[in-house]
Each structure stands twice: as structure tokens, then as C-alpha cells.
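Colleague: Got a minute to go through this one with me? I'd like to start with the overall picture and then get to the details.

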Amino acid sequence: MYTFYSRPKRYHSGCRGEELIEPVKHEAGRKNDLLIDDHGHFVSIYRYSLTHQRNEVSVRNAFNHLAKNRSEVVKAAAIEKYLGEVAEDFKAHMPSKELIVDNQRLTRHELSKQLGVEIDLIRNRTPRDGQVEVAKERLVKEKCPVNHRVEINGERLSLPELAECYHLSVETVYSRWKRGKRGVELIKPVQK
């Protein structure tokens, strides 16, 4: 089996002819010698993941976590137990893709369309503790607008009103506000 992804690199490094299509020599051969005791049969990580239809990287991570040194043989039951714990932990901390709202099980995308709320807002308001039942009010509540009021020359104005009165952009005034500028420093003309 040939890996075609390496051809441009080989060509640019000066390889020509048969050198371009030689099989890729993996340096990971040493790592594949690590053994898993699969009910009395000693198999490599690659063979184990292929046989049990597991992600090879996940199996390798489990092996590395369980093995004290690189020459140790790890039992398949220990790897399965570790992968199961990782999967449970992952599910417990990830928000559910389906939520129950008003006794209906809907995906976050369906909720977004039905409620007219952006999907990012739905994701942010989804519980992180594995809970799937959510109140509709929690998903559709309005953000509270931040209404900063500033008193300049005896007038109390919001930041957008202040920008309009002194012919500044709203972004400039908000940027100055965030940097801690107050009073007259908020309305200084922009120097070009």
C-alpha cells in the first residue's frame, strides 16, 4: 500500500523515479511491538484496535496510562475498563445533543430553528452536568443590555448617545470605556 501524501515532499527533496512511490517507512514499528493480552493471545495495539473496532489512538492512550514501563503486557479487560470510564466521564461533562423542552425531545439545531435563537446561544445555555431537560425560558431569555451612563457637562448620557453627541464612533467610545477611560477622556477627538 502506497501513501501518496508523501510524494510532493519527496519530489521537492530531490527524489525521482522509484523513490517517489516507495512505501512509507514508519518509525512507529517499535511502538507496535507493545503487547495486549487479549484472553491469552498476545496482540499489538494496532491488531487489538482493528479486531475490537476501537480507535487506535484511544487504545494506545489507555495502554500508556496502564503500563508502568514500555515492556509490560496489559490485559484487554483493563483497557476496556479504562476506555469505558473515559467514555462515561466524557458523556457526564459534555452537553447533550438532544434536549427535552416541553416534553419534546429535540436536537439543538431543531430548537434553534423552532425558538428563533442562534445555535451558539443554545449551546451556551445547555446544562453541562448531563441533564437533558431544560426550561424553554432559559433558552429564550433575552440578554440584559449593559447600559453604561456617563455624566458629562451636567448631562447623563449612554455611551451610544455620547458617541453621537461628540461625533465619535460607538466602537471608539466603548473601546475607551473598556480601557478604563472616564469623563473627558471618553470624548477626546480622535487624532489622525
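Modeller: Sure. One term before the overall picture: a contact here means heavy atoms within 4.5 Å. Keep in mind too that this is a predicted model.

Colleague: Fine. What share of the contacts between residues at least 6 apart join residues at least 24 apart in sequence?

Modeller: That share is 32%.

Colleague: And how many helices and strands are there in the protein?

Modeller: Nine helices and seven strands. The protein has 192 residues, and 28% of them count as buried.

Colleague: How much surface does the protein expose, and what do carbon and sulfur supply?

Modeller: About 14,700 Å² is exposed, with carbon and sulfur atoms supplying 51% of that area.

Colleague: OK, on to the inside. Which residues make up the largest nonpolar core?

Modeller: There are 12 of them: Ile36, Val43, Ile45, Tyr48, Val59, Ala62, Phe63, Ala67, Val74, Ala76, Ile79 and Leu83. Helices α2 (45-51), α3 (56-66) and α4 (76-93) each put at least two residues into this core.

Colleague: What does Ala62 touch, leaving out residues up to four places away in sequence?

Modeller: Ala62 touches Ile79, Tyr82 and Leu83.

Colleague: And what other core lies apart from that one?

Modeller: One of 11 residues, and Val150, Ala163, Trp177 and Ile187 are among them. As background, nonpolar side chains tend to be buried together in soluble globular proteins.

Colleague: Trp177 caught my eye. Which residues of α9 are buried?

Modeller: In α9, which covers residues 170-178, the buried ones are Val173, Arg176 and Trp177. Looking down the axis of α9, those residues fall within an arc of 100°, so they line one face of the helix.

Colleague: What do the buried residues of α9 pack against?

Modeller: They pack against β6 (149-152) and α8 (159-165). On the face turned away from the buried side, α9 carries the exposed residues Glu171 and Lys178.

Colleague: What follows α9?

Modeller: Gly180 does, and its phi is positive, near 95°.

Colleague: Which residues other than glycine have a positive phi?

Modeller: Gln53 has one near 50°, and Asp102 has one of about 55°. Gln53 sits in the loop between α2 and α3, and Asp102 in the loop between β4 (98-101) and β5 (104-107).

Colleague: Are those two buried or exposed?

Modeller: Gln53 is exposed, with a relative accessible area of 74%. Asp102 is exposed as well, at 52%.

Colleague: Switching to charges. How many salt bridges does a search of the whole structure find?

Modeller: Four. One of them joins the side chains of Lys75 and Asp37, at 3.1 Å from N to O. Lys75 is in strand β3 (residues 74-75) and Asp37 is in strand β1 (residues 35-38), so the pair ties together parts that are 38 residues apart in sequence.

Colleague: Lys75 and Asp37: buried or exposed?

Modeller: One of each. Lys75 counts as exposed because its relative accessibility is 52%, while Asp37, at 13%, counts as buried.

Colleague: What about Arg54, which side chain does that one meet?

Modeller: Arg54 meets Glu80 in a salt bridge, 2.5 Å from N to O. This pair links distant parts of the chain, with Arg54 in the loop between α2 and α3 and Glu80 in helix α4, 26 residues apart. Arg54 counts as partly exposed at 33% relative accessibility, and so does Glu80 at 29%.

Colleague: And where do Glu56 and Arg60 lie?

Modeller: Both are in helix α3, four residues apart, which is about one turn of the helix. Glu56 and Arg60 form a salt bridge, with their closest N and O atoms 3.0 Å apart. Glu56 is partly exposed at 28% relative accessibility, whereas Arg60 is buried at 16%.

Colleague: Last thing, the outside. Which residues make the nonpolar surface patch of about 250 Å²?

Modeller: Leu35, Phe42 and Val73 make that patch. Leu35 is found in strand β1. At 31% relative accessibility, Leu35 counts as partly exposed.

Colleague: Great, that covers my list. Thanks!

How values were computed: Residues numbered from 1 in each chain as written. Predicted model: local features only at pLDDT ≥ 70, side-chain atom pairs only at ≥ 80, totals over all residues. Heavy atoms only, no water. Buried < 20%, exposed > 50% of the residue type's maximum accessible area, 1.4 Å probe, protein only. Arc of directions from axis to C-beta. Core = buried A, V, L, I, M, F, W, Y, C linked by side-chain atoms within 4.5 Å. Patch = residues over 30% accessible without salt bridge, like charges linked within 9 Å, V, L, I, M, F, W, Y side chains within 5 Å. Areas by Shrake-Rupley, 256 points an atom, 1.4 Å probe, with all protein chains shown as cover.
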